[in-house]
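The following paragraphs walk through one protein model, moving from its surface to its interior and then to its strands. Please keep the sequence and the structure in view while reading.

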Amino acid sequence: MRTKVSLIALAVSFAVHAQEIETITVNADLRNIELEQLPGSATVVDSQAIKDEGGEHFEQILDSIPNLNWSGATSRPRYFQIRGVGEQEDYKGAPNSSVGFIVDDIDLSGLGMAASLYDLQQVEVLRGPQGTQYGANALAGLIYVKSMDPSDEFESGLTATLAEDNQQTYGGYVSGAATDTLNYRVMVHSNQQDGFRDNLYLGRDDTNARDELTLRTKLLWQPSDRLQAKLTFLHADLDNGYDAWTLDNNGFDTITDNPGEDSQRTNGASLNLNYDINEALALRAITSWSNTHATHAYDGDWANDDYWADRTCYGEPCVYVYNWSKALKRDTLSQELRLSSREAGRIFAGTTDWLVGVYANDLQESNYLAITEAYDASGSYFSDQSSDYDADSQAVFGQLDSSLGRWTLSAGLRLEQRDASYRDSKGEAFDTDESMWGGHLSASYQFNADHNGYVRVARGYKAGGFNMGLPEFLSDKTQYDTETLYNYEIGLKSRWLDGALTSALALFYMDRQDQQVEASVQEPGSGDFVLYTSNATDSNNYGAELELNYQVTESLQLHGSVGWLETEYGDYVLQLGEDSFRDLSGRELAHAPNYQFAVGATYRHDQGWFANVNLSGKDEFYYSDSNDSVSAPYQVLDAKIGYEANSWSLYLWGRNLTDEKYGVRGFYFGNEPDQDWADKQYIRYGDPQQFGVTFNYDYF
């Protein structure tokens, strides 16, 4: 009898949970579709998950998202790889991202550092080409960051964190109604810490510091039921150091005499206007602007004059100086207009919604590259180069969505024209003119209220470009072609146990044609490199993503995800020197681990006690296509405990509890003249073990 009563109670509990399930809307989709109805693989990390797992920057939630990897070539992640597709760095050349990165409709692709986690509504990661919606910047997929919208009622909050590494993080927000039709929200967030490095030569522990400030203001104007306008202002100022590399790969004790810089100051704004013209038509206009100044600089010899003088090069004390700096200024302005059907405007006997749109974008970027180097006692050599890049893009796109009983069919197409020009102080000039297209076809089938399956075919594209400063033996690599990617996917999204358990499974196959491959060629006897991009014939990626969320009881929630990925080049030989070649045929792609996983649990007692634990990990992966330098597989364990009252909460947390030493970026080249420039693996490591305490106060 006791067993029967327990089963009844458990069933009632599951039914309660099913009623409490919150509908998650994917804002990055053209029609703001619900996540469980989206015909594609996507992860949405909502505000509660962000708060539970903690962290001050987008970097802290990256490893919980299947088949999303990132490159640690900067102080905060800027370069991402989805299903093995994406860039690892951008030291030279025109901006050309494979993974889109958008914050509140402000396009920051390639500038992902400006991503504070505070006061966010959700983070969306769409895997696979998003050619219909976003065109050339979403070949591999899209990361969309959405902050909290203004509230109708007054609310405010404060947060404060003190932690090891001299971390001090403070934030606050205030939101409410300014008038009957105008609501506002203002947020400020500041994070400062030393950066987990000790510079033994300079006697400092802040040469890799993080000094990050984010300000965000939102205004929501709703003069009528038919019109809504949302205006967002963003200011992100990250004045970070960059002193992350060591010659002996100890990872945390540096000896540079000229520590680097990795700063970014972004000002941006977006205006999102929605107007219901009548019962049949709706108009949406999205205007976006951003201005970014960024500097990335590093001490390339990773040491100091005294260190090198104690070593012998060619029978004399070594001389080695290499300082590299790139200052960037980027301005982006875009306008998008969408006209879509409402209920009365559906076509084909009321079964089909339609949407058409136009898009225009102007991107202007200037760079100033400066290098100081010395290899003998004759003195140092200084070189510099300024460049200007301008790209104008125009696109038209459309989408049809038909509901036919249990079937939902979707078709989308985008046509894009891009004109680009490049000029630099070395006299090099390039002009390109490209016509590109992408789109998708999908079919979803609702088996019943709990199971929705889909198949999807999508075509993405990435604009071609040009290489500058090439030696004679690479003269045929001056330009590279547009890359295309076909993604074939099948998936099933389900609810089990009356909604207490949800699952999302996707299987995919990706066919990349004219794949753009980044390569580096080291100049003999120096720290200089020739960087260029070329086209491989093709490559193939396939794998799966599985995500689970289980509300075991009212107090206990379990979650887990796993990404499986197999990648392989077709027939391709990469040129690394005048008489040096590297056959990549059949090899795996860089930054494409075979597996990634994350498992976790959250416990909330009705008396206010809280606990959260998360374990994430990934397999080894190649750091680059130019060599066989490989990372080591690793796992990172995080935990958080605390107490939550009605208006305040206090947490004690720990990250990387086992103090795992794991690589996030690696190079394989010669950087030690006393070793005759012998090639060697150098690794930049992720953050070590850290403990801290966080206090939150919210007033509603």
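**From the surface inward**

On the surface of this predicted model, a nonpolar patch of about 1,100 Å² is formed by Phe-154, Leu-158, Leu-162, Tyr-170, Ile-641, Trp-648, Leu-650, Leu-652, Val-693, Phe-695, Tyr-697 and Tyr-699. Three elements each supply two or more residues to the patch: strand 9 (155-163), strand 39 (648-655) and strand 42 (690-699). Strand 42 has the largest share, with four residues. Leu-652, one of the patch residues, sits in strand 39.

The next topic is enclosed space. The structure contains ten cavities of 30 Å³ or more, and the largest cavity holds about 580 Å³. Its lining consists of 37 residues; those nearest the centre of the largest cavity are Asp-107, Tyr-134, Asn-137, Tyr-359 and Asn-361. The elements that contribute two or more residues to this lining are strand 5 (99-103), helix 3 (131-134), strand 8 (141-147), strand 17 (281-299), strand 20 (321-341), strand 21 (352-374), strand 22 (381-404) and strand 23 (407-424). Which strand gives the most to the lining of the largest cavity? Strand 20 does, with five residues. Sorted by class, the lining of the largest cavity comprises 13 nonpolar, 14 polar and ten charged residues.

Strand pairing comes next. In general, the strands of a sheet pair through backbone hydrogen bonds, and the pairing is either parallel or antiparallel. Two places in this model serve as illustrations.

The first place is a hairpin made by strand 30 and strand 31, with six residues between the two strands. Within the turn, Gly-525 has a positive phi of about 70°. Strand 30 covers residues 516-522 and strand 31 covers residues 529-535; their pairing is antiparallel, over seven bridges. As one example of facing residues, Val-521 is opposite Val-530 of strand 31.

The second place is an open sheet of three strands, in the order 2-3-4, where the pairing is antiparallel. Which strands form the edges? They are strand 2 (68-71) and strand 4 (85-86), each of which pairs on one side only. Strand 3 (residues 79-82) runs antiparallel to strand 4 and is joined to strand 4 by two bridges. Gln-81 has Gly-86, in strand 4, as its bridge partner.

Key. Residues are numbered from 1 along each chain as its sequence is written. This is a predicted model: local features need pLDDT of at least 70, side-chain atom pairs count only at pLDDT 80 or more; totals for chains, interfaces and linings use all residues. Side-chain values use heavy atoms; hydrogens and water are left out. Patches are made of residues with over 30% relative accessible area and no salt bridge: like charges are joined within 9 Å, nonpolar side chains (Val, Leu, Ile, Met, Phe, Trp, Tyr) within 5 Å. Accessible areas come from the Shrake-Rupley method with a 1.4 Å probe; for residues, only the protein chains shown count as cover. A salt bridge is a side-chain nitrogen of Lys or Arg within 4 Å of a carboxyl oxygen of Asp or Glu. Two strands pair if DSSP finds at least two bridges between them. On a 1 Å grid over the protein atoms alone, a cavity is a set of points where a 1.4 Å probe fits but cannot get out, and a pocket is an open set with protein on both sides within 12 Å along at least five of seven lines; lining residues have an atom within 4 Å of a point. Grid points are joined across faces, edges and corners, and a volume is the space filled by probe spheres set on the points. Ala, Val, Leu, Ile, Met, Phe, Trp, Tyr, Cys and Pro count as nonpolar, Asp, Glu, Lys and Arg as charged, and the others, Gly among them, as polar.
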